[in-house]
Amino acid sequence: MSSYQQYIDLFNAQRALIDEHAAPVLNAQREAAAEVLQRVGLSRPKDYTHVDPEALLAADYSLNLSRYAVPTDRSDLFTCAVPELSTSVHYLVNEQLVSHSREGDDGVFSGSLREFALRYPDIAARYYNRLAMHDEAPYDVRTQSTNVTAHRPLGEAALNTLLCQDGFVLYVPDGVVVERPIQLISLLRAVEDFMACQRILIIMGEGAKASVLICDHASQLRDCKLLSLQVTEIFCAPYSSLDFYELEEHHADCRRLSSVYVEQHEGSSAAVGQYALTAGQTRNRVFIDLLGHDADTHLYGLCIADRDQQVDNITYIRHRAPKCHSDELFKYVLDEEARGSFVGRILVQEGADKTDAHQTDRNLILTPQCHMVARPELEIYADDVKCSHGATTGQLDPVALFYMRTRGIPEAEARLLLMFAFMGDVIDGIRIDPLKDRLKHLVEKRFRGELTQCRTCAIKK
Amino acid sequence: MNNGQSSEDVLKDLTSSEYKYGFTTDVETDIIPKGLNEDVVRLISAKKQEPDWMLQFRLEAYRYWRQQPVPQWGHVKVDPIDYDNISFYAAPRKKAAAGDVDPEILKTFDKLGIPLHERDMLLGKTTGTELSAVEASSTMAVDAIVDSASQKTTYRDKLAELGIIFCSFGEAVREYPDLVRKYLGKVVPVRDNYYSALNSAVFSDGSFVYIPKGVRCPMELASYFRINSSGTGQFERTLIIADEEAYVSYLEGCTAPMRDENQLHAAVVEIYVHERAEVKYSTVQNWYPGDKFGKGGVYNLVTKRALCAGDFSKVSWTQVETGSAITWKYPSCVLKGDNSQGEFYSVAVTNNYQEADTGTKMIHIGRNTRSRIISKGISAGHSQNSYRGMVKVLPGAEGVRNYTQCDSLLLSKTCGAHTFPIMDIQNPTAIIEHEATTSKINEDQLFYCQQRGIKEEDAVSLIVGGYAKEVVQKLPMEFAVEAQKLLSLSIENSVG
């Protein structure tokens, strides 16, 4: 039996309970999600990726369908702060918001997805689950091209939609600039095997501007497995600008299946960053659709993995309008028995002329037990384009190491410095300066092995 | 392209390009009934008077093939192939005395510019001025294959003096069964893939080369493949063995008549390279590409692989792909010996409705193995051109070095250029680099040429020539000139 069946059964049995603690807009999507899940099932590792969602979801996780409040004392739980950065902070424990939603005079809403969907059902219905039903478009042998309108949905995203009851939403109306970065501190915390269906929805109005920082943490009270099933949907209306950074500092026992969907219209600008500092098994998918001309996108990824951690990054950027620009940079450092996989695909649709798309993947592997797979792909159906990709896998430059040692720097320190420098340009892509400094600090700590449980940043036990 | 060529002639050629090799030769042909089953496999084996082990090899392949699904992963549209509508064996009946070649066939090869008289050289007598300097030094032995049967292998005796075996595959099975049995299927196993299994079951002829220890083959060896009969496919098998410290440069050329139907060509090439030996394999592939509406053309679905078994061995693949309606081809290197080297140089040109999915695999097993991949794709018309490649480094392969560069040039708004590489790295000492760019022809370069009075079309051909030069110059001289012209012809009328 496929492992999704238990969730369908659960849904059928507990439908009333699930609906009761959610909102009609969310409930309206469940039937379709169940149908999709039945049809496509959960994905298996293929094309040289490592993480196996079908196997991960086969375990018997508990879910918090009745929305029992998680006993938390906020001040006790979180001390996460980025020095010199003043943020509006929201707290999420598992998939429940433990802070209050905020609605400003300018119409900016940040907070609970459920509340938003109850208060503004029209807006929520217009955006909720519109992107998540779509995923990688298959290559169509009949038309000899990738059919960008025929979407093949992803089972994991459908499963999230099936069970999702609440989440986080940021709504920025037309023309509003949100000055303070919005920080969402998300904590996985459970005493038994637990699955959280996290959902994030970001709606940027025309000309709106905001930045969002998400810090994912985990705290296990006992020896148990935690799975975070995340779906993030981001809409960028014309000429809006959004920075979206996600920092993962999980435990080795955590599993994470995340899908980020971004839709960008003309003249919009988005920066998406996925930083996996500590992960158990992580699969990040980022799917960016450039629908309007002159849209601009920056996608960054960083991964530091050791022990037997697995990190897959699957990215797909589609240029569907002329004159768009995309820039993608991913870097991996793998140590011990870590396994990493990067699958990056750029598609330029017919007619998307003057496209400027660049993709780079650079990987360092430090031991013979590591395994790194890189698949940078270009699929181009227009002729007036500039596209490139580059991928390298290797080790630290022995000449540079030698040079540093001749200057009296011990070998271990020299290695650290070089690895740190290696990660430099991914971090430099961040558009919030204090966060940049903070991340540099965290990466350095991580390399020094002081960040096995993110003691500094986040959680007091 | 015959007779004295000046630059004006080349330009004249450019304006009147049609597929030049589209004629058929009217010879009496022995064709077996269409369809594929165990009896057909037995019949082919019987016609070739093969020993039982060869028949068993074929039957095993056939049984495996029958159970396999058709692979779908390529970025090409292969219409379902009706295997019951193909005749798997067709050989011209010999009219002349034994050992001689039918005069019609001789004429055909003359027309193609491939001399089957030993005193001639490839292109030498026919091409004239350009090659005169080369002629003196270049002698080439040719194995000419029409449909399913080898017609003639030249210079056999001269090569035999050095202990080199160069003959048709059928003869090799009869005369050197031990050698064939030792190496057949060792590099490309029967169960390697769908098309190699098909080939293993029904292959009819091909070339067999054995270079003994320490021998440097004094001339280029060449196979020339031609599909002549309609309703047939060509399934040739080439096996090249370079013993310790041997060297050989091998060329392969191919053409087919123009036909409305899609003809199937599913070949297997195996190269086994011993310690310190080197094999250079060059292909100029010019099967009939179909007409400009995408009708007809050859399906070129081949498996080519070299095994660098010994330490310090080296293999170099060079290919210029201009023909075929569909190309599905990945000449690969398994670098098993320590310090062995693999190289892949490719230019693939697609025009009209052609589709090419081509690239290479470099499997690094031995220590300090090195590989280099240079792939240049040029797409025009409504064509699709993909590079698909894999670089794999196994855990024990210390000190591996790979450099890959694959560039694509787009000449029309309706074509596609794609890159699908995989880098699978399991050893930390490997240094793997991959670079790819896709763009259209540089407008500044085009403008510069036009400003100096060069017509747009000629300017494009000039720029493309320069773009492909890195690969073309790796070809042996005899092929390089040919390839350069083919490139110009293939992209003609594709500007805009």
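What follows is a short chat about a predicted model, covering a chain contact and a helix pair.

Reader: How many residues does each chain give to the contact?
Author: Chain A gives 35 residues and chain B gives 34.

Reader: Which elements of chain B give two or more residues to the side that touches chain A?
Author: Strand E24 (416–425) and strand E25 (431–440) of chain B.

Reader: And how do the residues on that side divide by class?
Author: On the side of chain B that touches chain A, 15 are nonpolar, 13 polar and six charged.

Reader: Which strand of chain A pairs with E24(B), and in what sense?
Author: Strand E21 of chain A, residues 371–380, pairs with E24(B) in the antiparallel sense, over six bridges.

Reader: What stands opposite B:His418 there?
Author: A:Glu379 does; B:His418 is in E24(B).

Reader: Different topic. At what angle do H1(A) and H8(A) cross?
Author: Roughly 25°, with the axes of H1 (residues 5–20) and H8 (residues 155–163) of chain A coming within 10 Å. Angles under 35 degrees count as roughly parallel, so H1(A) is roughly parallel to H8(A).

Reader: Which residues make that contact?
Author: From H1(A), A:Tyr7, A:Phe11 and A:Ile18; from H8(A), A:Leu159, A:Leu162 and A:Leu163. By class that is six nonpolar, no polar and no charged residues.

Reader: Is H1(A) kinked or straight, and where is the centre?
Author: H1(A) has a kink of about 80°, centred on A:Gln14.

Reader: What about its span from first C-alpha to last?
Author: H1(A) has 16 residues and reaches 22 Å, close to the 22 Å expected at 1.5 Å a residue.

Terms used. Residues are numbered from 1 along each chain as its sequence is written. Chains are lettered from A and ligands numbered from 1 in the order in which they are written. This is a predicted model: local features need pLDDT of at least 70, side-chain atom pairs count only at pLDDT 80 or more; totals for chains, interfaces and linings use all residues. Two residues are in contact if their C-beta atoms, placed from the backbone, lie within 7 Å. Helices (H or I, at least four residues) and strands (E, at least two) are DSSP runs, numbered from the N terminus. Ala, Val, Leu, Ile, Met, Phe, Trp, Tyr, Cys and Pro count as nonpolar, Asp, Glu, Lys and Arg as charged, and the others, Gly among them, as polar. Two strands pair if DSSP finds at least two bridges between them. Axes are lines fitted to C-alpha atoms, for helices over the stretch in contact, and angles run from 0 to 180 degrees between N-to-C directions. Angles under 35 degrees count as roughly parallel, over 145 as roughly antiparallel, 65 to 115 as roughly perpendicular and the rest as oblique. The expected span of a helix is 1.5 Å times one less than its number of residues. The bend at a residue is the angle between axes fitted to the seven residues ending there and the seven starting there.
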